[in-house]
Amino acid sequence: MASNIIKKRLLILGGNGYVGQNMCHAAIQNNFTVLSLNRSGAPSAASSTKHLSPSLSQVEWISGDIFDQSAREDAMSGVDAVVSCIGAFGSNDFMQRICGDATIEAIRTAKEKGVTKFGFVSSAQVYEGSVGLKLPPSAPMHGYFQGKLRAEQELLQSYPEGHVIVRPGFIYGPRPVGGRVLPLQYVGGPISFVGTQMGPISSLIQAIPFVGKECSSMVPVESVGRAMINSLEGSDKGVILDAEAIRAR
């Protein structure tokens with residue numbers, strides 16, 4: 001018997017990256033029809049892990065520039081939700097543009113196209129009182145954290161009841177790089193355990209400015225995707241998830 005269930009359409013921006021591929025996988029597993037807009041289209045075999053391949057083969061990969069308004073508009077036509085996994089490291093100006101401006105432009109286009117929900121992979125350092133947000137403009141990572149902050153502010157303004165923001169620290173798991181897989185779980189897992197599960201020792205670590213937040217905010221890459229997709233499907237009106245909430249979802 002043919003199913004009468006209509007799949008929701010989800011556009012993932014930056015879906016061919018490390019976090020994005022796992023986001024695509026989580027969405028496919030939750031019965032979404034998934035599209036992904038990326039400059040280079042589908043990920044190469046060298047940049048993806050085998051266990052994700054069945055899901056990634058079901059994604060409609062769209063080659064396009066996120067800063068091209070027509071590309072954004074075409075990709076967002078008829079979608080129910082958008083998730084931005086866009087982010088990169090580099091100069092502060094570069095990070096402001098990629099971590100901030102790219103998602104801001106996408107949020108504005110999504111609003112114009114009538115998209116009802118928008119998800120964003122932000123940073124554990126984006127919160128009131130964050131040391132990361134107090135870094136001087138010349139400091140490394142200033143552009144990264146400020147870009148994420150500006151994107152969050154735009155999202156909260158444009159989607160006061162339709163936003164899902166996840167704030168992970170270091171994201172760990174098998175990461176393909178140049179045809180090899182880096183087992184980041186062997187770094188992130190133990191540090192996360194020490195930073196969250198060792199009682200008084202964890203409390204002492206968490207009290208260290210910046211470092212404490214990072215040590216307590218490391219999360220598995222699959223948890224980021226699962227938390228985002230589950231929250232998009234939920235009935236909550238506006239969700240911001242810190243690392244603890246990400247792991248719980």
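**Exercise 1. The lining of the largest pocket**

Find which elements each supply at least two residues of the lining of the largest pocket in this predicted model.

*Solution.* Start with the helices: H1, H4 (92–112), H5 (142–158) and H9 (221–233) each supply at least two residues. Then add the strands, E2 (33–38) and E8 (174–177), which also reach that number. Next, look for the largest share: H1 gives it, with five residues.

Now turn to the pocket itself. Its space comes to about 1,100 Å³. The lining has 48 residues, and the closest to the centre of the pocket are Cys85, Ile86, Gly87, Ala88 and Arg175. Sorted by character, the lining holds 25 nonpolar, 17 polar and six charged residues.

**Exercise 2. A closer look at H1**

Work out how many of the residues of H1 are buried, and compare the span of H1 with the expected one.

*Solution.* First, locate the helix: H1 covers residues 18–29, twelve in number. From first C-alpha to last, H1 reaches 17 Å, close to the 16 Å expected at 1.5 Å a residue.

Next, apply the cut-off for burial, under 20% relative accessible area. Ten of the twelve residues pass, so H1 is mostly covered. The buried residues are Tyr18, Val19, Gly20, Gln21, Asn22, Met23, Cys24, Ala26, Ala27 and Ile28.

Finally, step just past the end of H1, where asparagine 31 takes a positive phi of about 70°.

**Exercise 3. The strands around H1**

Which strands pair with E1, and how many bridges join E1 to each?

*Solution.* Begin with E1 itself, residues 9–13, where four of the five residues are buried. One partner is E2, parallel to E1 over five bridges. Within this pair, isoleucine 12 has serine 36 of E2 as its bridge partner. Another partner is E4 (residues 81–84), also parallel, joined to E1 by four bridges. Here leucine 11 stands opposite valine 82 in E4.

To finish, put the helix back in: E1, H1 and E2 make a β-α-β unit, and this unit is right-handed.

**Exercise 4. The second largest pocket**

Find which element gives the most to the lining of the second largest pocket.

*Solution.* This pocket contains about 220 Å³ of space. Its lining counts 15 residues, with Gln206, Gly212, Lys213, Ser216 and Ser217 the closest to the centre. Two or more lining residues come from each of H8 (211–215) and H10 (243–248). H10 gives the most, three residues. By character, the lining divides into six nonpolar, five polar and four charged residues.

Notes
Residues numbered from 1 in each chain as written. Predicted model: local features only at pLDDT ≥ 70, side-chain atom pairs only at ≥ 80, totals over all residues. Heavy atoms only, no water. Expected span 1.5 Å × (residues − 1). Buried < 20%, exposed > 50% of the residue type's maximum accessible area, 1.4 Å probe, protein only. 1 Å grid on protein atoms, 1.4 Å probe; cavity = no way out; pocket = protein on both sides within 12 Å on 5 of 7 lines; lining within 4 Å. Points joined across faces, edges and corners; volume = space filled by probe spheres on them. Nonpolar A, V, L, I, M, F, W, Y, C, P; charged D, E, K, R; others polar. Pairing = 2+ DSSP bridges. Right-handed = clockwise from strand over helix to strand, strands pointing away.
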